[in-house]
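Reader: I am new to reading protein structures. Could we go through this one together, question by question?

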Amino acid sequence: MEQPAKTNTLVVGVDDKISMGKAFILGLQHVLAMDLYIAPIIIAGLLSLSAADTSFFIQMCFLGTGIATLIQTGFGLRLPVVQGPSYVPIGAIGAIGSKLGLGAMTGSLIPGALLMILLGMPLKWFAKAVRRVIPPLVGGTVILIVGISLMPTGMNNIYRAPGDLWTNILIAAVSAGVLIACMLLGRQSRGLGTVSRLISVIVAIVVGTVVASFLGTVDFAPVADADWVSLPSFFPFGAPVFDLSAILTMMFVYFIILIETTGTWFVISSITGKELTDERLNRAAAGEGLGCFVGALFGGTPMTGYSSNAGLIAVTGVGSRMAIMAGGGILIALGLMPKLSAAITCIPEPVINGIFGVVCVAIVVNGLKVIQFVDLDERAMMIIGVPILLTMAVTVLPQGALDGLPDFAVYVLSSGITVGALAALILNLLIPSGKQKAQQESMLSSDAPTAS
């Protein structure tokens, strides 16, 4: 497969050695900018968990996220990717846990995770599949889809956050404005300017939170109520129960997660300039499966690479694996210390999502970089445009539109990224390229009867 054009504008490279203190600060801003507690809160509500169990569930998701990040960044993909709870399986997990019990929910997560590991290593089938169906045109389109589909999510989270609408918009605008100012300052000068870009996310979060506190929208009461230390345990919600229908459902969901996370890997590859070799892709699939397996052991949820954190790399120019692994260590500490994880969850939603909007812009721009050298003929227009259209169509679906549909349809249509990526893959296979069309016309002309 022809590799997409790579551009590397990093201030700190993927394999650059940095001090432990610098790695901690740079990793911390990735953690602070994550909304990884949203998915477990939604799932806990679907499962009707008690307040104590919900808190523990969120804690285990922090722990699983940290371990999965260390696995993927250190041994799997070996690129700066932050793992987090996927939003794709929320409906499936909620349905399985509610109907069959929490044991069946845990049991449904394990076989699919092991299958992902096998597809990557030792079978090494995953890279072959990617090479066959994801050329640069499709890869760039998937990156575009990731950025475009996340934009409405960030905006809606600002509008729907607790409190006054215009106050939330002001807080989000201040946070985004500070981030943009730090980015531009980092490109205009050296010294202080470079530092401002490296820690631009932390600066934006701090300023946004301070503004929010003056406006009365910050509540740190949950921190006082949380324990300092809470140790994890295997299968905290009961021994796994292996129900065939639940397992098959989650295997399908894992397939969708793999498509989603492959888009994130393309984003990271484009930003860092690191090629997605066959070995790297197979290790990444195995690392994804192993992270999901660990999440299941500790009572968490399936993990996926977070596109928003990939976008942060473009925003800050920090692509260091050491920084991301430090972030993984911080996430593990948060999973063991509920009081600290509670403090993270107190950062106002408008602050996080104002920053999130700028991150989405960075992702879209990197998708454009990948496809800029592709011949944009009618075929390319359809392969790029139709998936974007379908992604937006799914993203703006009215609430309740999926009610009554079969489960597998709900799982697919609940993710705009999944719909857009599948559309790009299918259209690329169905619409013949100019080369394929020329071959078909040549075959037809050779088969035509000659005049006597």
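Reader: Is R283 buried or exposed, and what is its relative accessibility?
Author: This is a predicted model, and the values here are computed from its atoms. Buried means under 20% relative accessible area. R283 falls under that cut-off and counts as buried, with a relative accessibility of 17%.

Reader: Which residue does the side chain of R283 meet in a salt bridge?
Author: Side chains of opposite charge can pair when their charged atoms come close. The N to O distance in this pair is 3.1 Å, and a salt bridge needs the two atoms within 4 Å. Both residues lie in helix 13, four residues apart, about one turn of the helix. The partner of R283 is E279.

Reader: Is E279 buried or exposed?
Author: Exposed means over 50% relative accessible area. E279 has a relative accessibility of 55%, so the word for E279 is exposed.

Reader: How many salt bridges does a search of the whole structure find?
Author: One of them joins E279 and R283, and another joins D278 and R131. R321 and D15 also meet in a salt bridge. For the whole structure, the search gives a count of four.

Reader: How many residues apart in sequence are the parts tied together by D278 and R131?
Author: The side chains of D278 and R131 meet at 2.7 Å, N to O. D278 lies in helix 13 (residues 278-297) and R131 in helix 6, so the pair ties together parts of the chain whose separation in sequence is 147 residues.

Reader: Which of these two, D278 or R131, is buried?
Author: D278 has a relative accessibility of 38% and counts as partly exposed. The relative accessible area of the other residue is 19%, and the cut-off for buried is under 20%. The buried residue is R131.

Reader: Where does D15, the salt-bridge partner of R321, lie?
Author: The N to O distance between R321 and D15 is 3.4 Å. R321 is in helix 15 (residues 321-336), and the two residues are 306 residues apart. R321 is buried at 13% relative accessible area, whereas D15 is partly exposed at 45%. The place of D15 is the segment before helix 1 (20-32).

Reader: Why is there no disulfide bond between C61 and C292?
Author: A disulfide needs two cysteine sulfur atoms within 2.5 Å. C292 holds the closest cysteine sulfur to that of C61, yet the gap is too far for a bond, because it comes to 12 Å.

Reader: How many disulfides are there by this rule?
Author: C182 gives another example: its closest cysteine sulfur, in C360, is 19 Å away, too far for a bond. C182 is buried at 9% relative accessibility, and C61 is buried at 0%. The count of disulfides is zero.

Reader: Which two residues does a cis peptide bond join?
Author: Most peptide bonds are trans. In this bond omega is about 15°. The second residue of the pair, P122, lies in the loop between helix 5 (102-120) and helix 6 (126-133). The bond joins M121 and P122.

Reader: What is the phi of K124 near?
Author: Most residues other than glycine have a negative phi. K124 lies in the loop between helix 5 and helix 6 and is partly exposed at 44% relative accessible area. Its phi is positive, near 60°.

Reader: Which residues does N309 touch, not counting those up to four places away in sequence?
Author: N309 is in helix 14 (residues 307-316) and is buried, with a relative accessible area of 2%. Its C-alpha is 7.3 Å from that of V81, although the two are 228 residues apart in sequence. The residues N309 touches are H30, M34 and V82.

Reader: Which helix gives the most to the nonpolar surface patch?
Author: The patch, of about 490 Å², is made by L170, V206, V210, F214 and L215. V206 is partly exposed, with a relative accessible area of 46%. With three residues, the helix that gives the most is helix 10.

Reader: What average pLDDT does the chain have?
Author: Of the residues, 92% score at least 70, and the chain averages a pLDDT of 84. Over residues 1-5 the pLDDT is below 50. Where pLDDT is low, the predicted coordinates should not be read in detail. The average for the chain remains 84.

Conventions. Residues are numbered from 1 along each chain as its sequence is written. This is a predicted model: local features need pLDDT of at least 70, side-chain atom pairs count only at pLDDT 80 or more; totals for chains, interfaces and linings use all residues. Side-chain values use heavy atoms; hydrogens and water are left out. Buried means under 20% relative accessible area, exposed over 50%, partly exposed in between (1.4 Å probe, protein chains only). pLDDT is the predictor's confidence in each residue, from 0 to 100. Contact means heavy atoms within 4.5 Å. Patches are made of residues with over 30% relative accessible area and no salt bridge: like charges are joined within 9 Å, nonpolar side chains (Val, Leu, Ile, Met, Phe, Trp, Tyr) within 5 Å. Accessible areas come from the Shrake-Rupley method with a 1.4 Å probe; for residues, only the protein chains shown count as cover.
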